[in-house]
Amino acid sequence: MKNVKKMILTKQYRCVHSASCHCTKGHLSEDVIFLVFQHLNWNPNVIATLSCACKWFDDIAKRVLWKEFCRTRAPKMMLDLQSSGSHSADGNWRALGKLLIFCSGCTQGGLYHNVQVPGHFVNKTRFSKTLGKSFLMPQCLNDVLYVSEPCEHIDQGEAGDLGFFRGIFKSFASSNVKRMIVNRGAQLHSTEICPYCKAKLWSMLQANMIPESAKCRLGSHKDYIEYYVCLNGHLLGVCTLLPLSDSEDVSETE
């Protein structure tokens, strides 16, 4: 019987971006990158910068770094979203990371017609499952939806004071909300896409699936509220806010 020698094969990390990329000679191991970003507390700006270096770095950012960022930023919410056994969030971790820290705003002539508010990053946002219940039709109350408190944009001309909110469904593919949207024959938006994952959008207003409880919970002025849900279960919307009274203006100034 011939002697069999064991060969230890070291996994090679090769950049697939381009021949001119600076990292063609190899990469640090994923373990080292993990420890570095753990020390940086999963800084989203640094993660985004690393993603631009090459496709290999972009891949590890999507698979590992954005996941750890989400788990650190919203641990209870992430634990709940994954409790169904899924190992990745709907729409990928990068999209969810962006949803946690970015208010999408809107462009003129886009989802909200003549309203134009630039998107921007936010320091902190509270997402609530209780608030999400207010956005569900009675037939869909068993679904789980997390929704942020509105990001306030004051004095937007004729539109008044606006609040932009965003959210995410747990296991959207098997949710009652998606089933109801499909059964009602709702059409996907012809041009606009989700600002977080680039998927197509359904209008909940067009599907007649905005309950009165959502308007009441947000205190929507003149009952104006509109929101969309994408194929991956990300929610984004806008509502008008109650204007501040003169007395409130004074107290805020003081």
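This is a guided tour of one chain, moving from the whole fold to its cores, its salt bridges and a patch on its surface.

**The whole chain**

Begin with the full chain in cartoon view, keeping in mind that this is a predicted model. The secondary structure comes to nine helices and 10 strands, and of the 254 residues of the chain, 46% count as buried. If you switch on a surface, the accessible area comes to about 14,900 Å², of which 53% belongs to carbon and sulfur atoms. Among the contacts with a sequence separation of 6 or more, 58% are between residues 24 or more positions apart.

**The cores**

Next, select Leu65, Met77, Met78, Tyr112 and Phe164, which have the most contacts inside the largest nonpolar core, a set of 49 residues. Add helix 3, residues 55-73, and you have the element that gives the most to this core, with nine residues. Colouring by domain is useful here, since the core draws at least three residues from each of domain 1 (30-83) and domain 2 (107-241).

Centre the view on Met78 and show what surrounds this side chain: leaving aside neighbours within four places in sequence, Met78 is in contact with Cys70, Arg71, Trp93, Leu96 and Leu100. Then move to Val177, Met204, Ala214 and Leu235, which are included in a second, separate core of 27 residues.

**Helix 3 and its charged residues**

Return to helix 3 and pick Lys62, which is found in this helix. Is Lys62 buried, exposed or partly exposed? Its relative accessibility is 30%, so Lys62 counts as partly exposed. Not counting residues up to four places away in sequence, Lys62 touches Trp93 and Arg94. A distance drawn from its C-alpha to that of Ser51 should read 8.3 Å, for two residues that are 11 apart in sequence.

Now show the side chain of Asp58, with which Lys62 forms a salt bridge, the closest N and O atoms being 3.6 Å apart. Both residues lie in helix 3, four residues apart, which is about one turn of the helix. Unlike Lys62, which is partly exposed, Asp58 counts as buried because its relative accessibility is 16%, under the 20% limit for that class.

One residue further along from Lys62, select Arg63 together with Glu30, whose side chains meet in a salt bridge at 2.6 Å, N to O. This pair links distant parts of the chain, with Arg63 in helix 3 and Glu30 in helix 1, 33 residues apart. Arg63 is partly exposed, with a relative accessible area of 36%. Add Asp59 to the selection and you will have a network of salt bridges that links Glu30, Asp59 and Arg63.

**Helix 8**

The structure holds nine salt bridges, and another one to visit is that of Lys215 with Glu212, where the closest N and O atoms are 3.4 Å apart. Both residues lie in helix 8 (residues 212-218), three residues apart, about one turn of the helix. Lys215 has a relative accessibility of 18% and therefore counts as buried.

**A nonpolar patch on the surface**

Finally, bring the surface back and select Leu28, Val32, Val36, Leu40 and Val46, which make a nonpolar surface patch of about 370 Å². Val36 is found in helix 1, residues 30-39, and at 42% relative accessibility this valine counts as partly exposed.

How values were computed. Residues are numbered from 1 along each chain as its sequence is written. This is a predicted model: local features need pLDDT of at least 70, side-chain atom pairs count only at pLDDT 80 or more; totals for chains, interfaces and linings use all residues. Side-chain values use heavy atoms; hydrogens and water are left out. A nonpolar core is a set of buried Ala, Val, Leu, Ile, Met, Phe, Trp, Tyr and Cys residues joined through side-chain atoms within 4.5 Å. Buried means under 20% relative accessible area, exposed over 50%, partly exposed in between (1.4 Å probe, protein chains only). Helices (H or I, at least four residues) and strands (E, at least two) are DSSP runs, numbered from the N terminus. Domain bounds come from an automatic or database domain assignment. Contact means heavy atoms within 4.5 Å. Patches are made of residues with over 30% relative accessible area and no salt bridge: like charges are joined within 9 Å, nonpolar side chains (Val, Leu, Ile, Met, Phe, Trp, Tyr) within 5 Å. Accessible areas come from the Shrake-Rupley method with a 1.4 Å probe; for residues, only the protein chains shown count as cover. A salt bridge is a side-chain nitrogen of Lys or Arg within 4 Å of a carboxyl oxygen of Asp or Glu.
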